[in-house]
Amino acid sequence: MWIGWIELDLRLGDVHSLKTKRSIVRPIVSELRRRFQVTAAETDHLDLHRRAGIGAGVVAADRAHVVEVLDAIEQLVAYHPETEVLSAHRHVGRADDD
């Protein structure tokens with residue numbers, strides 16, 4: 001079993017309130033969950049209106065599928081017009097790694 005996760009640090013465009021931020025971030029998180037069948041959440045910069053952190057995790061039988069899903073997640077978020085990906089950190093490993 002392979003496990004992978006990705007953390008995306010985002011800068012949001014013309015956002016001036018936390019309410020507007022939520023209206024951008026929540027649909028992205030929902031789309032990640034729906035499209036890729038992953039666990040996803042807003043994970044960082046919760047009190048800043050122009051920054052967001054999104055994390056997602058995936059479990060699969062083979063490494064190639066995990067990498068493919070993580071690549072697709074990063075690409076989907078990067079192509080959203082309201083977001084700029086400042087950094088992306090990921091990890092892929094076997095469940096029995098210590």
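# Questions on a predicted chain

Student: Among contacts in the chain between residues at least 6 apart in sequence, what share joins residues at least 24 apart?
Tutor: A contact here means heavy atoms within 4.5 Å. Pairs at least 6 apart in sequence form the pool, and the part that joins residues at least 24 apart is 71%.

Student: What kind of model is this, and from what number are residues counted?
Tutor: This is a predicted model, in which local features need pLDDT of at least 70 and side-chain atom pairs count only at pLDDT 80 or more, while totals for chains, interfaces and linings use all residues. Side-chain values use heavy atoms, with hydrogens and water left out, and along each chain, as its sequence is written, residues are numbered from 1.

Student: Which pattern do the helices and strands follow along the sequence?
Tutor: Helices (H or I, at least four residues) and strands (E, at least two) are DSSP runs, numbered from the N terminus. The chain has two helices and four strands. Read along the sequence, their pattern is β-α-β-β-α-β.

Student: What radius of gyration does the chain have, and why does it agree with a compact globule?
Tutor: The radius is taken over C-alpha atoms, and the globule rule is 2.2 Å times the number of residues to the power 0.38. The C-alpha trace spans about 45 × 25 × 20 Å along its principal axes. Because a compact globule of 98 residues would have a radius near 13 Å, the chain agrees with that rule at 14 Å.

Student: What percentage of the 98 residues is buried?
Tutor: Buried means under 20% relative accessible area, exposed over 50%, and partly exposed in between (1.4 Å probe, protein chains only). By that cut-off, the buried part of the 98 residues in the chain is 36%.

Student: Which residues touch the most other members of the largest nonpolar core?
Tutor: A nonpolar core is a set of buried Ala, Val, Leu, Ile, Met, Phe, Trp, Tyr and Cys residues joined through side-chain atoms within 4.5 Å. Of the 25 residues in the largest one, those touching the most other members are L32, F36, V38, I54, I73 and V77.

Student: Which elements each supply at least two residues of this core?
Tutor: In soluble globular proteins, nonpolar side chains tend to be buried together. In this chain, at least two core residues each come from β1, α1 (18-36), β3 (51-60) and α2 (63-78).

Student: How far apart in space are the C-alpha atoms of L10 and G53?
Tutor: L10 is found in strand β1 (residues 2-12), and L10 counts as buried because its relative accessible area is 0%. Leaving aside neighbours within four places in sequence, the contacts of L10 include R51, A52, I54 and V77. L10 and G53 are 43 residues apart in sequence, and their C-alpha separation is 6.0 Å.

Student: Which residues does V77 touch, not counting those up to four places away in sequence?
Tutor: V77 lies in helix α2 and has a relative accessible area of 0%, so V77 is buried. The C-alpha atoms of V77 and I28, 49 residues apart along the chain, are separated by 7.2 Å. With residues up to four places away set aside, V77 touches L8, L10, I28, L32, T83 and V85.

Student: Is H80 buried or exposed?
Tutor: H80 lies in the loop between α2 and β4 (83-94). Leaving aside neighbours within four places in sequence, H80 is in contact with I28 and E31. Because its relative accessible area is 19%, H80 is buried.

Student: What is the phi of Q37?
Tutor: Q37 is found in the loop between α1 and β2 (39-44). At 67% relative accessibility, Q37 counts as exposed. Q37 is not a glycine, yet its phi is positive, at about 55°.

Student: What is the phi of H45?
Tutor: H45 lies in the loop between β2 and β3. Its relative accessible area is 18%, so H45 is buried. H45 is a residue other than glycine with a positive phi, near 60°.

Student: How far apart are the mean positions of the positive and negative charges?
Tutor: Lys and Arg count as positive and Asp and Glu as negative, without His and the chain ends. Each charge is placed at NZ of Lys, CZ of Arg, CG of Asp or CD of Glu. For the 13 positive and 16 negative charges of the chain, the separation of the mean positions is 7 Å.
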